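Grab a pencil and have the 3D view open beside you. Here are some exercises, each with a solution worked out in steps.

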Amino acid sequence: MFRKAVSSDIALIKELAHQIWPHSYGQILTSAQLEYMLDFIYSETALQKQMNEGQQFIIAYINDEPVGFAAYSLLDNMRSVFKLHKIYILPSTQGTGLGKKLLCYIIDIVKSSGGRILTLNVNRHNKAKDFYTKLGFKIIKEEDVPIGHNYFMNDYIMEKDLTAN
């Protein structure tokens, strides 16, 4: 089950991120960068700002237990390009198809809103790149995004043409 998150869910999203990120990035980032990025992206203030700036958060549940979340937003004024900002599932539920269902749920919302392209950034060393590739996303370029303290997000930018299906 999926539901739209509201401001009162910020503490839950933060808690889930702190459970998921060490598993997702522990082999990619130093522990100092991991902690910095969790605070940078998932502090309650940062999450509220993301919501205020238009990111729509979705929380995933299994048997009424929260097990993941995602966020997306409109990227252009033409209402045709949307961005998937994040999608994370607890390690214990990875490989069950829940991530694919959550992404498809968001794709359906984006399409019904007139979206023609869904874009995302993924760390170049994250195995999630293969997940996105299997679901029809294509790498369009590389990007190194400075995030402070001499840290960078070393990403691929990937896109999916939502009109192709």
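**Exercise 1. Find the atoms that make glutamate 142 and arginine 124 a salt bridge, then say which parts of the chain the pair ties together.**

Solution. Start with the side chains: those of glutamate 142 and arginine 124 meet at 3.8 Å, N to O. The cut-off for a salt bridge is a Lys or Arg side-chain nitrogen within 4 Å of a carboxyl oxygen of Asp or Glu, so this pair counts. Next, place the two residues: glutamate 142 sits in strand β6, while arginine 124 is in the loop between β5 and α5 (128–134), so the pair ties together parts 18 residues apart in sequence. Keep in mind that you're working with a predicted model.

**Exercise 2. Work out how Arg124, Glu142 and Asp144 are linked.**

Solution. Arginine 124 also meets the side chain of aspartate 144 in a salt bridge, at 2.9 Å from N to O. Aspartate 144 lies in strand β6 and arginine 124 in the loop between β5 and α5, so this pair ties together parts 20 residues apart in sequence. Put the pieces together and you get a network of salt bridges linking Arg124, Glu142 and Asp144. In the whole model, the count comes to five salt bridges. Another one of them joins aspartate 130 to lysine 129, with the closest N and O atoms 3.4 Å apart.

**Exercise 3. Decide whether glutamate 143 is buried, partly exposed or exposed, and list its contacts.**

Solution. First find glutamate 143 in strand β6. Its relative accessibility is 28%. Buried means under 20% and exposed means over 50%, so glutamate 143 is partly exposed. Now look for contacts, skipping neighbours within four places in sequence: glutamate 143 touches Asn121, Arg124, Met153, Asn154, Asp155 and Ile157. For a sense of distance, the C-alpha atoms of glutamate 143 and phenylalanine 2 are separated by 31 Å.

**Exercise 4. Write down the strand order of the sheet and pick out its edges.**

Solution. Step across the open sheet and you'll meet seven strands in the order β1-β2-β3-β4-β5-β7-β6, with mixed pairing. The edges are β1 (2–4) and β6 (138–148), each of which pairs on one side only. Now check some pairings:

- β1 and β2 are antiparallel, with three bridges, and phenylalanine 2 stands opposite alanine 60 in β2.
- β2 and β3 run antiparallel and are joined by seven bridges; here alanine 60 stands opposite glycine 68 in β3.
- β5 (residues 117–123) and β7 (residues 151–161) are antiparallel over seven bridges, and isoleucine 117 has aspartate 161 as its bridge partner in β7.

Why does β2 count as largely enclosed by the rest of the structure? Five of its seven residues are buried, so that's your reason.

**Exercise 5. Describe helix α4 and where it lies.**

Solution. Helix α4 (residues 98–112) lies across β1, β2 (56–62), β3 (65–74), β4 (81–89), β5 and β7, and runs at about 160° to β4. Check its length: α4 has 15 residues and reaches 21 Å from first C-alpha to last, close to the 21 Å expected at 1.5 Å a residue. Its buried residues include Leu102, Leu103, Ile106 and Ile107. Finish just after α4, where glycine 114 takes a positive phi of about 95°.

Technical notes. Residues are numbered from 1 along each chain as its sequence is written. This is a predicted model: local features need pLDDT of at least 70, side-chain atom pairs count only at pLDDT 80 or more; totals for chains, interfaces and linings use all residues. Side-chain values use heavy atoms; hydrogens and water are left out. Two strands pair if DSSP finds at least two bridges between them. Helices (H or I, at least four residues) and strands (E, at least two) are DSSP runs, numbered from the N terminus. Contact means heavy atoms within 4.5 Å. Axes are lines fitted to C-alpha atoms, for helices over the stretch in contact, and angles run from 0 to 180 degrees between N-to-C directions. Buried means under 20% relative accessible area, exposed over 50%, partly exposed in between (1.4 Å probe, protein chains only). The expected span of a helix is 1.5 Å times one less than its number of residues.
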